[in-house]
Amino acid sequence: MHTVAVLALDQVIPFDLSTPIEIFTRPRLPDGRAGYQLRVCAERDEIDAGSFTLRASWNLDGLKGADTIVVPGTADPTAPLPPAVRDALRTAAASGTRIASLCVGTFPLAATGLLDGLRVTTHWIATDLLAALYPDVTVDPDVLYVDNGQFLTSAGAAAGMDLCLHMIRRDYGSAVAADAARLSVMPLEREGGQAQFIVHDHSLAPRGSELETLLAWLRENLARDLTLGDIAAQSGTSVRTLIRRFRSQTGTTPLQWLHRARIRQAQHLLETTEHSVERIGHQVGFGSSTTFRDRFKRTTGVSPQTYRRSFSSKAASA
């Protein structure tokens, strides 16, 4: 039987802690046997889990001999990793144990150095911080999970369920994983990645900056076919000066900012109206529905129709 050890660090996020416990207790093999046995392990006798205190059944010795170790996220992902935990994870990795992190659990796993040189992910709200703290890892903010073989990382919250189901499929095949997914009332594979859940903040220029008025004008004129010349004329500068100011104050170019603002407005219209995809594309400034669909999918990872099915307030109230 495959043994999964769930590592409960101080300030562990309860949802992340419960995800592997819930998902890995569901699989049943064709002969009716359970597919996994679970251990919850902690460095100390009592662990602060926010709204409650946790007493784990195993100490760090419970990581020894496990086939898989899961590292859930913590409320403060930048908290120093206890040396004993770091050493235990490194020892497990040296013996070939599979190690997976959920949500911001990527931070403590990255602190061991085991992810250096690898592509990883975490909750979209923390991807920039992860990249800044651990420059030796490559952070992919758009995906639900990354499988590097021995080391796996997931995006935030429900993406941990996706990763656990993926590991079940690796261990026992699609039939067992599909059955676990049905019992968990979720699809075995979700369309798209984490990008569809990211809310892009387009008010990146600080209040009182040179671009504040221009950004407000751009938001009000998303439907227009704007060129760099049009934007520069509105700002009263040359195109070259416009680009330089945009990069210094927003970190992107005027047209990239405009495209993202259009997609965000399209997301809002898909969520709150019953307008056709074609009409929404024109409302946010795309000359053709084909261009709109292509740009939307490249930005969010899913089609406008799929996004609407997932996030429309009309669908939610039906």
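Reader: Are Phe-292 and Phe-296 buried or exposed?
Author: This is a predicted model. Buried means under 20% relative accessible area. Phe-292 and Phe-296 both fall in one class, and that class is buried.

Reader: Which helix holds Phe-292 and Phe-296?
Author: The two residues sit four apart in the chain, about one turn of the helix. Their helix covers residues 289–300. Phe-292 and Phe-296 both belong to helix H12.

Reader: How many aromatic pairs does the count give?
Author: Rings pair if their centres lie within 6.5 Å. By this rule the total is six aromatic pairs.

Reader: What class of pair do the rings of Phe-292 and Phe-296 form?
Author: A pair of aromatic rings is described by centre distance and plane angle. For Phe-292 and Phe-296 the centres are 5.8 Å apart and the planes stand at 65 degrees. Planes over 60 degrees apart count as edge-to-face. The pair of Phe-292 and Phe-296 is therefore edge-to-face.

Reader: And what class fits Phe-286 and Phe-292?
Author: Phe-286 is buried, as is Phe-292. Their ring centres lie 5.5 Å apart, with planes at 45 degrees. Stacked needs under 30 degrees and edge-to-face over 60. The angle of 45 degrees fits neither, so the pair of Phe-286 and Phe-292 is tilted.

Reader: Which residues do ring pairs link into a cluster?
Author: Phe-292 pairs with Phe-286. Phe-292 also pairs with Phe-296. With Tyr-307 added, the cluster is Phe-286, Phe-292, Phe-296 and Tyr-307.

Reader: What share of residues 212–310 is helix?
Author: UniProt, in an unreviewed entry, lists this span as "domain: HTH araC/xylS-type". Its end C-alpha atoms lie 33 Å apart. Strand accounts for 0% of the span, and helix for 75%.

Reader: What distance separates the centres of domain 1 and domain 2?
Author: The domain assignment puts domain 1 at 2–184 and domain 2 at 210–310. The C-alpha trace of the chain spans about 65 × 40 × 35 Å along its principal axes. Taken over C-alpha atoms, the domain centres are separated by 37 Å.

Reader: Which helix gives the largest share of the lining of the second largest pocket?
Author: The second largest pocket has a volume of about 250 Å³. Its lining counts 20 residues, with Leu-9, Asp-10, Ala-79, Pro-80 and Pro-82 nearest the centre. By class, 13 are nonpolar, three polar and four charged. The largest share, three residues, comes from residues 106–111, helix H3.

How values were computed: Residues are numbered from 1 along each chain as its sequence is written. This is a predicted model: local features need pLDDT of at least 70, side-chain atom pairs count only at pLDDT 80 or more; totals for chains, interfaces and linings use all residues. Side-chain values use heavy atoms; hydrogens and water are left out. Domain bounds come from an automatic or database domain assignment. UniProt positions are given in the numbering used here, feature names are shortened, and annotations may be inferred rather than shown by experiment. On a 1 Å grid over the protein atoms alone, a cavity is a set of points where a 1.4 Å probe fits but cannot get out, and a pocket is an open set with protein on both sides within 12 Å along at least five of seven lines; lining residues have an atom within 4 Å of a point. Grid points are joined across faces, edges and corners, and a volume is the space filled by probe spheres set on the points. Ala, Val, Leu, Ile, Met, Phe, Trp, Tyr, Cys and Pro count as nonpolar, Asp, Glu, Lys and Arg as charged, and the others, Gly among them, as polar. Buried means under 20% relative accessible area, exposed over 50%, partly exposed in between (1.4 Å probe, protein chains only).
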